[in-house]
Every structure is written in C-alpha cells, then in structure tokens.
Amino acid sequence: MKFFSVIALFLISLNLKAEPLKIGLVLDKGGKDDKSFNAAAFKGATEAAQKLGVEVKTVESPDDTSYERSLKNLSERGYKLLIAVGFAQTDAVKKIAPQFPKTHFAIVDGVVDLPNVTSLMFNEHEGSFLVGYIAGLKSKTNVIGFVGGMEVDLIKRFELGYKEGIALSNPKAKVLVNYAGVTSEAWMNPTKGKELALSQISQNADIIFTAAGATNTGVFDAIEEKNKFAIGVDSNQNWVKPGKILTSMLKRVDLAVFETIKAEKAGDFKAGKKSFGLADKGVDYALDKYNQSLISADLKSKIEKVKKDIASKKIIVSDYYETRKLCPNSPFKCEKYQKAMQALTPTKK
Amino acid sequence: MLLDDLILSAVRISLPLIFAAYGGMLSEKSGVANIALEAYLLFSSFCAAAVMALTHNLGFSILSGLLGGVFVGIIFSFFTVKVKSDQIIAGMALNILATGLIPVLCKAFYGTSGQTPSLEIQDRISSTTPFIIAALLVFIGTFILFKKSVFGLRVTAAGDHPPALRSQGINVDFVRVKAILIGAAIASVGGIYLSLGAGSGYTRNMSAGRGFIALAALIFGRWKPIPTLLACLFFGFFDSLQIFLQTSGTLTIPTQFVQVLPYLLTLVLLAVPTGKAQKNFAPQAINRPDL
C-alpha cells in the first residue's frame, strides 16, 4: 500500500513537472495561411513551442465577434499567456484582460494600457519608407502602386511612410493607392487584390507594394501575369513568386511573439508598450536568394545608408499615428510633425 | 486607352456575376427562389481548385467544378422540390453549409483553415477570353431557351402557373429539378472562374457575396436575359470605376463613399417605379412549392 502511494506521489510530481506552460495564440481574420502577418505570428509561436517546450494553442477567427469568445475561453481554461494578433482585437483584449487579472495578455498592433497586457507595436512607417525608397529607385515607368487591405490607420501608416520613401528617391514618381475594402473581409479577398493590381498596372504602375494580408496573393498573381514587380509585407514573401517580388517589408511579428513567450517562460513578463523599429530589426527589408539578383550591391549600400539615417533621425519618417493628431485635415502632408521631430532631435554640426 | 482598361476590368468583375445570375435565373423562372448562389460558387470553385492542385489537368478540374456545383443543386432541389421545404431557408442553409464544410475539408486535406494549395501560373486560366466566350454562349443559350424552346416555355409555366402545366400532363417538379440543375451548372462556371481565373486556388469564402449581388442583378434585370446581362455589366462597371477613381487622387470625397456607390445605386434603381409593380415581373409562383 505504502509502495503504491509512493509511486502515485512520484507520478503526480512527474506530471506536475511535465505540465508545460500553456500559451494561446488568437489570430485575426487573415488566418495562419495568409503567408504574411498571421503567418509570421504563427511561425514565432511554433518556434517557441519547439525551442522552449511550451504548449501553444492556435485559434483562428472566422469573424469579428469571435475574438472575445476565444480570449475568454482560453483564459478560463488556464492559459497563462494569450497573444492576440491584430489591431482588430484591441477592444476584445480591453474587455477580457481585466476579467482575468492573473492571465497575461499580449496584443500585436494595438495599445491596451492595463497591468497584465503588453502591447507589441512596430514602426511600420520606417520599414515602408525603406521599401518605398527601393521602389522609387527601381521603377522604370515612374508610376508606383500601393494596395492596402482594410482602410484603417494602421495601413495608412504604411502608405504614408512608403510615399515619403518614394519621394526621397524619385520625386517625380506618381503613386497610385487602392484599398481592398473597409471591412475585415478586405484582408482575405485575393480576387479583389488582383483586380486592384491589374487596374494599377493598366495605369502604368510597374512596382506595387501590397499590405493586405491574404489579399496579397491576388496582387502577386497579377504582377506575375503582367511581368511587373511587387513588394511583399510582414513575412518575407520573396519566395512566393521568385524573382518577381522585389523585396518584402519585414515586420518581425514572429520575433516579437517568440520574445514575449520567452519572457513569460522565464517569469519576467512585462506589461506596457514595446516598440520594434529599424534600429532593433523589428522592421526591415528582406534580402535573400530569391531577390538578390534584383538588389545590386550599389543599391544595397544606398539602402543601408538610408537605414542608418533613419535610425540616427537624420531622416524623419512621418508617423501617421502622430500626423493624424497634429494635422487632422492633411495627415499625409504634415509639416508640423517634421518640425516637431526636428526640434526633438539634437542636430549634429 | 483608359476606357479600354476600364471596360476590360468591368468585364472581369462582371463575369462571375453573369454566370451566377443566369444560373439563378433558370431556377427562379421555374418557381424556385434561389439564394443558394453563394453555395454554388463556393463549392464549384473549391472543387475546381482542389482537383487542379491534385491532377494539374484542366479538363478534370473544370468537370469537377461543374459537378461540385451540380451536387449543391441536387441537394437544393431535393429540399425545395422533393421535400417541398421553404426555399429561402433551404438556400440559406446551403450557403451556411458551404462556408462551414469547405474549411473542414481543407483542414482534412491540406491542414489549412480554408484554402487549397496555390496554383502555379500554368495551372491557371490567365486569359479571360474563354470565360467571355462561355458567358456569351450562356447568354445566347438562355435567350433562345426562353424565347424559342419548349423547355423554356415549360420552365416559365412552372414558375408562373404550375396548374396549367400539370393540366398538360407534365410533371412540374421534374421541370423544376431540371431547371435547377442546369442553373447550377451555369453558376458553377462562375465558381471555376473565381478559383482558376481570377484567383490562384480556393481561398476562404472566396465568392465574397457575389452570389447575392448576382441575385440583385437578376431582380434588377426583371428576370429577363438581356436586362440581366446589362445589370451584371453595370454592377461590374461601377466597381471598376470606383477602383479607378480611388487611384485618380483628384477625388476629395472619401473612398468609403465611392465603395458604397454601386450598392447605393442598386437600392435607388430598385426603388425606381417602372410603371408596373416589381412583383408583376417576378415569376408568379416563386417561393411556392408545387403541392
């Protein structure tokens, strides 16, 4: 009898030890197969599951009303850290996090100011500036396209940075802007993306930057058929159409997710806002075997210089989140912002 | 130059609407209200894409796309004609089934949550010409069917006054089933266009409401072949116009407003009095099972 109880105790303790940390990943409408934003988050979480030995449960969201349900459900089931991917979940996190003060939350692309929430933000404008700069140099027709997903401030942040990058390298260039829609359907409508891209190509665009989640696929199909170039977003998408995707604006959601899980595992979860920018490689441009023939050594050194200038604030990239407040009437042309930022940074003479 | 592109773009956008609208027309003219057009589009585009990814054979792919749509048509006709359940509810149920079942199949086959593997460029139908020809054939075929053929007359009779048809010793239910199935096959071409032509494989909920827009075009076109075609082209043109207007940059009104325009216009045009009340154009026995 005693013998059995010892074994039972041993088994219980073994079981306690083997119980891995439970992490929940709630993706937004694009889904884990969007090859872009959600795919990056999924990649980061999968890596964490493999390297850190945590248990990751991934939940996809078929509609906008399911975020709250998923977050609540996972919290109730004892998940220690919940990662909500996408600005669309901001309100859901705001609502659920106070109900489960012992659960940690992370929100990607949104800010929630609560003691158990960490907000993971990216300087998309800096990365977009960089790929805009490349597009401006590479365009032969001087007509450059931008296809956004849902028309929201987050994507306008991409748009503004991109436009400023083009303006630096090719002031003559005309920029065509299209959005796939105004609802979250816009993230997963590749046929619409293709139509928008074809429309821009018919207006002479030869490079199109697309920040539209799973809708990107349609843009890539269009540039493949018409022999033009595209610029991918979030994940490194160069592989999707080798040699046809000039580069990708990397937004290292995978890194942010991985680091957050790692911190949770080590027991030093920190609430508050965390920004990832060019300086810490949270955003970047992608260079790999699929596009190395498109980016010459000369171009590369130019890009590196711009990167340094942005990091040292010699080049100030307008941030739509700020310009929309400073210049509500003309957020895309906001002198005030430039002046304010220049005043903040010490000039080197 | 600009106009050419605008029209081409309008045609591309109209194509799935045209197939779906004519598919719906056959069913509705026979007296079966069909809001299951979304389900036709979704199943046919999924089947076409899945078989293309598996076999890389265009013939098989198109065939299975058609079969996928017709399969939905069979279920639909079973419920509406055989069991005589409410047509609207049956149609809605099929739409919901399509949005739910396809992701389940995708999960089982590919481990994705609602998409088939991407198709390479050689597996796609990049040219719109074959689809334009198919749309013209469907248009001419439907036109002749309703104006010249005995079957067309029987379909119209089944939709307007089933007792008259029965008094001639013709089985109303059988006419309706045939009309539904032919309609399902026509609508399926639209689904095939979505996954092989406009897209590169099936993506979750890829019809994106086109089935309902096609239905609106059908009603707007008074269930008649020529006006319905024009209605589809009109919707397509407006959609392509708003895409162009967005890029023009000269526009000071918000793009949200531009995007809402086609739908707003639809509402306005549907409300415009035409001398005859709207319901007089509709098949008289629509949404009424022949008991």
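The following paragraphs lead through a predicted model of two chains, from confidence and overall form to single residues.

Residues are numbered from 1 along each chain as its sequence is written, while chains are lettered from A and ligands numbered from 1 in the order in which they are written. As the model is predicted, local features need pLDDT of at least 70 and side-chain atom pairs count only at pLDDT 80 or more, whereas totals for chains, interfaces and linings use all residues.

Confidence is given as pLDDT, the predictor's own score for each residue, from 0 to 100. Chain A averages 91, and 93% of its residues score at least 70. The lowest confidence in chain A falls in helix α1 (residues 2-18), with a mean of 59, and the highest in strand β8 (residues 207-211), at 97. Where pLDDT is low, the predicted coordinates should not be read in detail.

Chain A contains twelve helices and twelve strands; these are DSSP runs numbered from the N terminus, helices being H or I of at least four residues and strands E of at least two. The radius of gyration of chain A is 22 Å, which agrees with the value near 20 Å for a compact globule of 349 residues; the radius is taken over C-alpha atoms, and the globule rule is 2.2 Å times the number of residues to the power 0.38. Along the principal axes, the C-alpha atoms of chain A fill a box of roughly 85 × 50 × 40 Å.

An automatic or database domain assignment divides chain A into domain 1 (20-123 + 254-276) and domain 2 (125-248 + 283-295). The C-alpha centres of these domains of chain A are 27 Å apart. Between them, 16 residues of domain 1 are in contact with 16 residues of domain 2, contact meaning that C-beta atoms, placed from the backbone, lie within 7 Å. On the domain 1 side, helix α2 (residues 37-52) of chain A gives the largest share, three residues.

Of the 349 residues in chain A, 54% are buried. A residue is called buried if 20 or more other C-beta atoms lie within 10 Å of its own, exposed if 12 or fewer, and partly exposed in between, with C-beta atoms placed from the backbone. A nonpolar core is a set of buried Ala, Val, Leu, Ile, Met, Phe, Trp, Tyr and Cys residues joined through C-beta atoms within 7 Å. The largest such core has 97 residues, and A:V93 is among those with the most contacts inside it. This core draws at least three residues from each of the two domains of chain A. The contacts of A:V93 include A:L71, A:F105 and A:I107. A second, separate core of 78 residues includes B:A50 and B:V81.

The two chains also meet: 30 residues of chain A and 26 residues of chain B take part in the contact. On the chain B side, α1 (2-29), α8 (172-198), α10 (225-248) and α11 (255-271) each supply at least two residues.

Within chain B, B:L41 belongs to helix α2 (residues 37-55). B:L41 counts as buried because 34 C-beta neighbours lie inside 10 Å. Its C-alpha atom is 9.8 Å from that of B:A208, although the two residues are 167 apart in sequence.

Finally, A:N227 is not a glycine, yet has a positive phi of about 60 degrees. A:N227 sits in the loop between α8 (216-226) and β9 (229-234) of chain A, and counts as exposed because it has 9 C-beta neighbours inside 10 Å.

Note on methods. Lists of a residue's contacts leave out its neighbours within four places in sequence.
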